[in-house]
Amino acid sequence: MLQNFFKVAIRNLIRHKGFSFINIAGLTFGLTACMLITLFVWDEKQYDRFLPNGERVYRIYNESTNNEGVRMLAPVPPMFATTLQQDFPAVEKTARIMMQPEYSRLFEAGKVKLYEASGFYVDSTYFDIFQLPFKYGSRKDALDDPASIVISEEMSRRFFGNDNPVGKSLLMEKQPFFVKGVFYKHPKFHLQFNYLVPMAAAGIPADRIQSWRWQQFYSYVKVKKGADVQKLEAEFKKTVAQKTETFRKEDRMTFNPFFQRLEDIHLYSADFKYDMSVRGNITYVKALTIIAVFILLIACFNFINLATAKSLQRAKEVGVRKSIGANRKQLMIQFTGETILLAFISILFSVVLTFLFLPLLNQFTDKQISFPLFTNPIVLLLLFLLTVLVGVLAGFYPALVLSGFHPVKVLKGNVVSDVLPGRIPWLRHGLVVIQFTLSVLLIISALVVYRQVKYLHNKDLGFSKEQIMFFPMRGDQLFRNHESFKNELLQSPGISSVSIGYGFPGDAVAGDQIIVPRNGEQKIYSATHLIVDHDYIKTLGLQLVVGRDFSKQIKTDKDEAFIINETAVKELGFGTPGRALGQTLLWPTWNDQRPDSLKKGMIIGVVKDFHYKSLYDKLETAVLHIYPDAYWKVAVKMKAAAIDQSIQHVKQVWNRYTPDYPIEYNFLDESFGKMYKAEDKLKALVWVFTAIAISVGCLGLFGLAAFAAERRKKEVGIRKVLGASVRGVVLLLSKDFVKLVLISLLIASPVAWYFMNQWLQDFAYRIDLGLWVFVVAGVSALMIALITVSFQAIKAAIANPVKSLRTE
Amino acid sequence: MIKITNLEKIYRTEEVETVALNKLSMQVAEGEFVAVMGPSGCGKSTLLNILGLLDDPDGGSFLFNGIEVSRFNERKRADLRKRNIGFVFQSFNLIDELTVFENVELPLIYLGVSTSERKSRVEAVLDKMQIMHRRNHYPQQLSGGQQQRVAVARAVVNKPKLILADEPTGNLDSSNGNEVMQLLTDLNEQGTTIVMVTHSEHDARYSHRIIRMLDGQTVLENLMV
Ligand SMILES: Nc1ncnc2c1ncn2[C@@H]1O[C@H](COP(=O)(O)OP(=O)(O)OP(=O)(O)O)[C@@H](O)[C@H]1O
Ligand SMILES: [Mg+2]
């Protein structure tokens, strides 16, 4: 029996080529998109699962509340780990990694001299928690000696070639370390480090490591087997609340620690601050999953629509089979089986396409996803299940309709629409509405994402980031002579100004506090400190609202002057910029020798707010002042002409001041562009998949319109004989579809409005969801539908009526 | 074999109610060849469809081999049908996607006959109908007479006890028509019961008995001599 079904199925496919093509193409597109998305999503979910005993490892993060609101902080105070290890028996081991600004250090081994990024100070227990495989040396005591360093296999190759470097010396910023081990990096590890140095080498003062408020350490715990983590977390929360009670009252700052499962770190930390793990975003993963399901549904609905529309053509077969003795179940099996066959063919094509497109996806997402079709039997099983699922999903309803035909009616010959139960057009229309609703949803999302991303890139940030060369100072000599270094840079006619400081836009900024003396009291506020020089405002093109810039003529500016931003005016309670002028501010300096020293100064100016962080972050209180001890980075503003000569000049001067270090620079606008890489990629992905979803939907609509035109051929013929114009006929045939698209628009708009608003909430600075987005989406959906449908309608309308009437 | 009493069938559409069969009673004995005649719209096809268990009546009783079948569900009807009844239609009703051989084979497939037996039985029937040389052709490639012979072959391949034919010669010219009538006569002589609807007095003469219908009722039965 199966053989017979199969034969009929194949012959049907061949006989109705157009129908088969539309269905197979639609399903293939849909399935390919689904497979690619599935591979991507699966890959995203693989992070950190390779680590032995990973299910017992947790990261502690902090929900920290202060005057600026609630933030999730990845780094926590050092005492968190210490306390967990000492006072909580459920804890087996803890390990900390000290947070440091993104900064590459100079390494030297023999003749090789290179900058290396991504290295950290860690507790010696690091490898007890993250049991990475070692190539050389042993994991056990790798970090016991303060002078030891452990490096990655890649880094080892860069410095020592194929030799075993264990025991060899490696200079880090001129300081000698001995290589104790070489570990293998794992692409699915959330910590992509190149080298690790024992915490003991960081020289942290004893009192600082006892701190309950210095949020500087990524802290991990490995709990004992069978430990109750919820209880542990609850108890630890209590401990933290107790220990931080004093400054909770004083500074209105509260800590609330959480345990995060190791395998959740990659996807569920998107909104964490100061996190340096390799992060994905569960929102995007979910969005892509939804899109994949949408596309698959659209493809299946196409099939259902076309198959039911086409069922008239197979009515006779059903009648004959029934009169011969086939029962309904057998017919159901037959027709569903045919769909499964179709799905199977589509799956074969999509597997090929997936192989073809995977390299593209990999290149685009910087991943190394493979399609383990031949190595993993689960994949085959899944594909098999997918075939059956799609076959049943798409085939069940048409099979139900077909097998339900009454043999007497369909065999009467000249069957017309009365064979189809009344609800069919409803269903078909319903499915078209759902398809278009999904398409309109995607179009609106694509438009909103596009506009927001464009906004991120183009928003006036309040400073000029063009033609600013940017680099850190290196070597003692340069730090000591930065003033004359700056003057020599300015010798070049191509360089218009130079600023040295710490806290440039797009780069690390220091979060700290500022004290406002008021009514005999000292009020403490959180504030970002931008350490500047006399040329900072000029170099970045900041605008002063009131007051003046720092001046070399006024000697007190160096030690007793502050400039604040507009947000600070509000946050610190001055009311208006004018009233802020002349107010006193106090700041506990970063002087290690004299920890109690206070810098006291007056506000001499207010700058217009500018975005020194990404647009995800709200503007904060910022205080600009001169503090040469913290000078670190150099920003060189160049004139547009002759940039190459100017860079050359900077390099020459650099080499005179600090020849031991190669210069490493970038441009401020580039690093700003990189901040929105994830959004750029999201934008591209949403567009691609929207295009796929729309194409698949259009394929179906095209087929449906073809059937409608076919069915109404005689009507059209008669109307034309009676004098209808081509335009009138096209309108007649397109009217129904236009109505459906309009209904879709009505359904999709509020849904899209809701979800896109949700997404935009992530950004502190965002576009308004204008009405026109919905208008544009609606008009484009309508246009797409009209073009698709009118192709068929026009064909029907210009056909010779005599011919179509004669064939009836 | 067939005994129907007071059979009723009413078609209801929005405006009108058509009584297609009006308390119709009749009997067909095993081995008989009965022709049903009457003006267009008098309910002949309706009657045949009910006899073939393709449709159910709205009232009355229908005994098939002594079993009341008028209230059978679809499954049971399909089962009874595939074992006992063969159909021949005016418009042949062959499946376009299947070859001559496969069309004839179909009833045996639903009966669950093994492949080898199917082959021999189909070939035997095709031989008898003299269309063996066309076994791998598709219906569209055959003449009307050839198509109807295939349809007859399909109707008889599972050796049904009853063949129902609705104007089997309606779409054929007289020589092709006669050929089909001869086939039916031969089958009847071998013991198959036949009920045939026809408009042709000529064709009716092949039968043993003619039932004449008018407005959903039998009005006359004449025995052929
Ligand atoms: N599906 C239907 N819905 C409504 N009325 C129907 C339907 N099928 C048949 N009828 C009506 O039932 C009556 C009997 O129809 P039937 O097809 O049995 O006639 P017939 O005797 O076979 O006619 P003909 O010789 O033209 O084939 C007719 O009046 C017809 O209009
Ligand atoms: Mg009839």
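**Ligand site and chain interface**

User: What places the backbone N or O atom of B:Gly43 in polar contact with an oxygen atom of ligand 1?

Analyst: A backbone N or O atom of B:Gly43 lies 3.0 Å from an oxygen atom of ligand 1. A polar contact is a pair of N or O atoms within 3.5 Å (within protein, one must be able to donate a hydrogen and the other to accept it, and residues adjacent in sequence count only if both atoms are side-chain atoms), so the B:Gly43 pair qualifies. This is a predicted model, in which local features need pLDDT of at least 70 and side-chain atom pairs count only at pLDDT 80 or more, while totals for chains, interfaces and linings use all residues. Residues are numbered from 1 along each chain as its sequence is written, chains are lettered from A and ligands numbered from 1 in the order in which they are written, and side-chain values use heavy atoms, leaving out hydrogens and water.

User: Which distances place polar side-chain atoms of B:Ser40 and B:Ser45 by ligand 1?

Analyst: For B:Ser40, a polar side-chain atom lies 2.4 Å from an oxygen atom of the ligand. For B:Ser45, the corresponding value is 2.7 Å. Taken alone, ligand 1 exposes 630 Å² (Shrake-Rupley method, 1.4 Å probe), and the protein buries 70% of that.

User: Why is the site of ligand 1 called shared?

Analyst: The site is shared because residues from chains A and B surround ligand 1. The shell holds 13 residues (a heavy atom within 4 Å), and B:Ser40, B:Gly41, B:Lys44, B:Ser45 and B:Thr46 are the closest. Helix 1 of chain B gives the most to this shell, with three residues (helices are DSSP runs of H or I, at least four residues, numbered from the N terminus).

User: What makes the pair of B:Glu102 and A:Arg11 a salt bridge?

Analyst: The closest N and O atoms of B:Glu102 and A:Arg11 are 2.5 Å apart. A salt bridge requires a side-chain nitrogen of Lys or Arg within 4 Å of a carboxyl oxygen of Asp or Glu, so this pair meets the rule. The count between chain A and chain B is one salt bridge.

User: How is the area buried between chain A and chain B described?

Analyst: It is about 2500 Å², with carbon and sulfur atoms giving 53% (accessible area, 1.4 Å probe, lost on being put together, summed over both parts). In chain A, A:Arg11, A:Ser323 and A:Ile324 lose the most area to chain B, together 23% of what that side buries.

Definitions and conventions
Buried area = accessible area lost by both parts, 1.4 Å probe. Helix = DSSP H or I, 4+ residues; strand = E, 2+ residues; numbered from the N terminus.
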